[in-house]
Amino acid sequence: MIVLLTWTYRSPKGTETIFRSEEMSAEQAVLIAEDLAKTGRVKQVNFIDRFESSWTLKELKGYLKGIETEPHNIIVYFDGGFDWETKAAGVGCVIYYDQNGKSYRLRKNASITGLTSNNEAEYAALHLCLLELELLGVHHLPVRIIGDSRVVINHLTEEWLVIEQDLYSWAEKIEEKMDALGLQPEYELVSRKKNSEADRLAAQALAGTEIMATIEKS
């Protein structure tokens with residue numbers, strides 16, 4: 001979870017003012033809040049997440065303790081490729097997550113038939129990611145979702161209307177799965193270069209190379 005801190009500082013003469021930090025991980029924020037408390041001049045500390053929810057230090061520490069043994073700090077990269085000649089599609093999925101004090105990277109791809117466009121392949125790639133999150137047991141957590149598909153990202157953030165019926169069906173399927181898992185998506189559009197890992201997986205799927213691997217990050 002990404003949060004920012006707000007805290008009330010009181011000077012030795014009783015003057016008070018409120019400070020606001022930049023965004024950081026919840027784990028970092030807890031450490032900073034505990035260090036601020038040692039000064040004896042901090043009256044109140046609150047944590048604000050990206051959904052504008054407010055947390056106390058006790059609440060945030062309880063939350064972190066509760067998810068320690070489950071996958072959390074989820075970052076998802078997705079990409080899809082489509083071959084117009086063969087009508088074949090390849091999808092790639094990369095999931096970064098923390099669990100039990102360790103960090104992991106999951107890589108998965110798949111070849112798919114029955115699609116009609118690259119945009120459908122992009123949606124199918126994101127759907128594959130959600131299925132993998134479900135297998136990991138991820139639920140009721142914020143999830144960063146990163147891709148280079150302007151169509152998918154803008155549809156799901158409601159920046160653009162979904163006009164095509166086939167894409168509308170995919171968007172509904174994605175949102176239904178999000179709701180079923182209780183996920184809070186934070187979408188981010190990046191360049192293809194910054195999505196190279198998922199792009200490579202999609203290309204390998206189109207070439208007939210299937211990949212499924214999870215490694216611990218050092």
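Begin by selecting the charged side chains of this predicted model: the protein chain carries 24 positive and 34 negative ones, and the centres of these two sets lie 10 Å apart.

Next, show the whole chain as a cartoon, where the secondary structure comes to six helices and 11 strands. If you then reduce the view to the C-alpha trace, its span along the principal axes is about 75 × 40 × 30 Å.

Turn on the surface after that; the accessible surface of the protein chain comes to about 12100 Å², and 50% of this area belongs to carbon and sulfur atoms. Beneath that view, 45% of the 218 residues count as buried.

Now hide the surface and go to the interior, keeping in mind that nonpolar side chains in soluble globular proteins tend to be buried together. Which residues have the most contacts inside the largest nonpolar core? Select Phe47 and Leu133, which hold that place in a core of 54 residues. Then colour helix 3, residues 118–136, since the largest share of this core, nine residues, comes from that helix.

Stay with Leu133 and display its surroundings: leaving aside residues up to four places away in sequence, Leu133 touches Ile74, Val76, Ile95, Val138, Val143 and Leu183. From there, move to a second, separate core of five residues, among them Tyr96, Ala198, Leu201 and Ile211.

To finish, return to the full chain and display its contacts between residues at least 6 apart in sequence, of which 70% join residues at least 24 apart.

Note on methods:
Residues numbered from 1 in each chain as written. Predicted model: local features only at pLDDT ≥ 70, side-chain atom pairs only at ≥ 80, totals over all residues. Heavy atoms only, no water. Helix = DSSP H or I, 4+ residues; strand = E, 2+ residues; numbered from the N terminus. Buried < 20%, exposed > 50% of the residue type's maximum accessible area, 1.4 Å probe, protein only. Contact = heavy atoms within 4.5 Å. Areas by Shrake-Rupley, 256 points an atom, 1.4 Å probe, with all protein chains shown as cover. Lys, Arg positive; Asp, Glu negative; His and termini not counted. Charge placed at Lys NZ, Arg CZ, Asp CG, Glu CD. Core = buried A, V, L, I, M, F, W, Y, C linked by side-chain atoms within 4.5 Å.
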